[in-house]
Amino acid sequence: MSTDPETTETSPSEDTGTDAVEGAEGAGADVASDTEGTAPEGTGEDPAAEGTDGTGEAKAEAAAPELSEAAAELLAQQVERERIERRKAEKAGPITAGAKLTGTAADLLAAVRAVESGDKPVTTPFAKPEPAAPRRSAAPEAVRQPQPVPTEPGVPATETVESVRRVLAEGGAPETLAAQVAAALGEGGDDQLREDPWQLLRVPGVRPEQADGFARALLGAECAPDDERRGRAVIGWLLEQAALAGHTALEASALTAALAKQGVPDPDAATQSAIAEGEVLVFQDALDEPAVPVQRSDDASDEDTEAEERPVRVLIGLERYALAEESLADGLAKLINSVPKEDGSAADWEQAGAAKGSTGELIRAVAGHGLVLHTGGEASLEEPAALLRAAAGFGLRAWAAAHSPVGRDRFAALLTQSTESDSPAPGDGPRATTVAGLLSGAEGPGRDADGALDLDLLVVLDAPQLDVETAALVSESLPDGARLVLAGDPGVLWSAGPGRVFADLLVSKACPQVVSRRPDLGPVGELVSGIGIGELNQVEAPGKEVVIVPVRDAGEAVHRTVQLVADSVPRVIGVPAEQTVVITPGHGGAAGTRALNVALKERLNPGPGRFGGFDPGDRIAYSPTPGRTVPGRVVNADTDGLHLACAGGPVVVPKERVEQSVRHGWALTAHQAVGARWPAVVVVLPGDAAQALNRPWVYTAFSRADRHLSVVHGVDQALPRAVAEVPAKPRTTRLPVLLRPQVPAEV
């Protein structure tokens, strides 16, 4: 490594003797803290990226003659979610309660029993929804025209917005929230707000103390901290904040602790009230290992002893994520236990499986199993590409789906390459799409007469980016007999949405796992491989493939970053500025994406920002839906909105949506950059980012570089400590437990 593209080599020093950095906090120690301030990925600061909520609430207008990709994706998710909920409602039997629970857990289960027995009338959370609308088949592929982004799918009526606006003004809340409140509460939202002012917490960005002030203004002396309405609303808010941090549920003890921090006088009573009203669900998951060894008495039966030795974890969760996780487990279990459709002769599969190394292992595993996991770095993508080419050669309808349009295009180019061991596929051969386009029908194979995806083999790339809702949509959309391969690098950051699907499947060992033996070559690949096992090694970089640029403060970090992107990297490395991306831990701060983008725009594309802060030629990061970021450029603007040229095609963003969904894109967070790679990457680590670093973040940021990596280094020993000692913050999920009873005893 070198200190500058034009100076001598050096290396970031390591410190193995310093005190260990304190590990990640528990799930409920402070649920809200995961989305505040300048935490990595800025879940609370970036309404244009992964921090906003509402993917499941949007509905496309039935009268629209043609849907945009974003609207089609939202509609597909809504339809699939309604179908999942309807199927769950048809399952007979109440939630099983454990007989060995005591204390708070027993109280929670007692509340559930009361609901089931009818002691307190409630609206059951499993009420059967209206029949889902029919699935929309994919339109024939054609030259894609610019598609306008809908102002807001499911826009509330003007009368509803105005009535809500009057209530907000009466309570002293910002009237600009009227449209969001009306969309969240629906028709009659004004009456709901008057009856329960804490419903304001259903709007993303509103905090409990703000809702309390609104409630005091409306209720006067009736407003009290122990109001049941407040307790239930705060519980919903905490669980939504937990979902933004990646949890699909929270342990009961963590939730009650978080409620106490929010000033709820009796957290246990508030939790029982929320359960009784059907606003949350409670689960009891048996743990693998006993918490405390139990002495077995001589007269105890084997069943009694097993029940005593197996502790139960009580979890509280929102119906939305609970249904998605259970549906995902059902879909995965179906794949695991099914016999794949017999496409191609056994001789074909045997011949293809004779390929050398882990490529042959992958093909042989897919030949006999409905679900296979494949792990590896960038070089390992050659293996699923070989699998898809071979499957297409057998006549299978083989598709790959990537997280981003950039990843899709890179893999599509890889599919066109043939190797000595691959025979050309007949017809069109295997093809690539994005996960979002596949599910919405905007691209990909479309749907068959039964509404399932019209394919035989699907390889999902960037699998760590699948959250539980997206993964459930994928698994439920597969036809009978189809094969699914989840492929990805387990070292990168997890999904922006709740869950850790790929990691949970790897831990569960429920299906075959193929580990690629293809290493990522070159100095960058060597450096990243070391980070993956917790080592920040010095690597030889004779061509200045890896450069370390020490800085003293954030101001110098911004200055050196602009210098690298605009001058040093193009001149010394030969990579132009438009092919270089900057990655930094957060959006805020003196060297966050906002500050860096301002400085980079001033140097690379100065202008007055006459189109809502943007000028033609500006690099942008466009977020069509929460959790997805598409890079692009500004073309122009007119009365229709801001015209963008994105990796997924031309897009028109209405003026009122620009601030929400578009930001400058010379500098990104690691979560925005995941799923894509660039010839050159500049990673900026200012001093105030030290606490935000962990191993997956460093691994993800560094591995986005193809040819050259510059590290603007201002965190001193925090970098090696993060790599060696700070793993990913844990997420509370139920998928491993849900899979456990459904898989065969021996896999």
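Analyst: Two strands pair if DSSP finds at least two bridges between them. The model discussed here is predicted.

User: In which sense do S12 and strand S18 run, and how many bridges join them?

Analyst: S18 covers residues 667–668. Pairing requires at least two bridges, so the cut-off matters for a strand pair like this. S12 and S18 run parallel, and the bridges joining them number two.

User: Which residue in S18 stands opposite Val-582?

Analyst: Val-582 belongs to strand S12, residues 580–583. S12 is joined to S18 by two bridges. Within S18, the residue opposite Val-582 is Ala-667.

User: Which residue is the bridge partner of Val-582 in S19?

Analyst: S19 spans residues 678–685 and pairs with S12 in the parallel sense, over four bridges. On the S18 side, Val-582 faces Ala-667. In S19, its bridge partner is Val-682.

User: Are the residues on the two faces of strand S12 buried or exposed?

Analyst: Thr-580 and Val-582 point to one side of S12, and Val-581 and Ile-583 to the other. Buried means under 20% relative accessible area. Both faces are covered, and all four of these residues are buried.

User: Which strands stand at the edges of the sheet that holds S18?

Analyst: The sheet is open and has five strands, paired in parallel, in the order S11-S20-S19-S12-S18. Each edge strand has a single partner, so one of its sides is left without a neighbour in the sheet. The edge strands are S11 (546–550) and S18.

User: Which helix lies across S12, S19 and strand S20?

Analyst: S20 covers 705–713. The helix in question runs at about 145° to S19. It covers residues 695–702 and is H24.

User: What is the strand order of the open sheet with six strands?

Analyst: The pairing in this sheet is parallel. Its edge strands, S7 (431–434) and S10 (513–515), each pair on one side only. Neighbouring strands are turned by 20° against each other on average, direction ignored. The order is S7-S6-S8-S9-S5-S10.

User: Which residue in S9 is the bridge partner of Leu-458?

Analyst: Strand S8 spans residues 457–460, and S9 spans residues 483–488. The two run parallel, with four bridges between them. In S9, the bridge partner of Leu-458 is Leu-484.

User: Which strands does helix H14 touch as it packs on the sheet?

Analyst: H14 spans residues 382–393, and its direction makes about 165° with that of S8. The strands it touches are S5 (371–375), S6 (398–402), S8 and S9.

User: Which strands does helix H15 touch?

Analyst: H15 covers residues 405–416 and packs on the sheet. Its direction makes about 175° with that of S7. The strands touched by H15 are S6 and S7.

User: How much space lies in the second largest cavity?

Analyst: A search of the whole structure finds 11 cavities of 30 Å³ or more. The second largest is lined by 27 residues; Glu-378, Leu-381, Asp-462, Asp-489 and Arg-704 lie nearest its centre. By class, the lining has 11 nonpolar, nine polar and seven charged residues. The space inside is about 380 Å³.

User: Which element supplies the largest share of the lining of the second largest cavity?

Analyst: H15 and S9 each supply at least two lining residues. The largest share is three residues, and these come from H15.

User: What percentage of the residues of the chain count as buried?

Analyst: The chain has 26 helices and 20 strands. Its length is 747 residues. The share that counts as buried is 54%.

Key. Residues numbered from 1 in each chain as written. Predicted model: local features only at pLDDT ≥ 70, side-chain atom pairs only at ≥ 80, totals over all residues. Heavy atoms only, no water. Buried < 20%, exposed > 50% of the residue type's maximum accessible area, 1.4 Å probe, protein only. Axes fitted to C-alpha atoms, helices over the stretch in contact; angles between N-to-C directions. Contact = heavy atoms within 4.5 Å. 1 Å grid on protein atoms, 1.4 Å probe; cavity = no way out; pocket = protein on both sides within 12 Å on 5 of 7 lines; lining within 4 Å. Points joined across faces, edges and corners; volume = space filled by probe spheres on them. Nonpolar A, V, L, I, M, F, W, Y, C, P; charged D, E, K, R; others polar.
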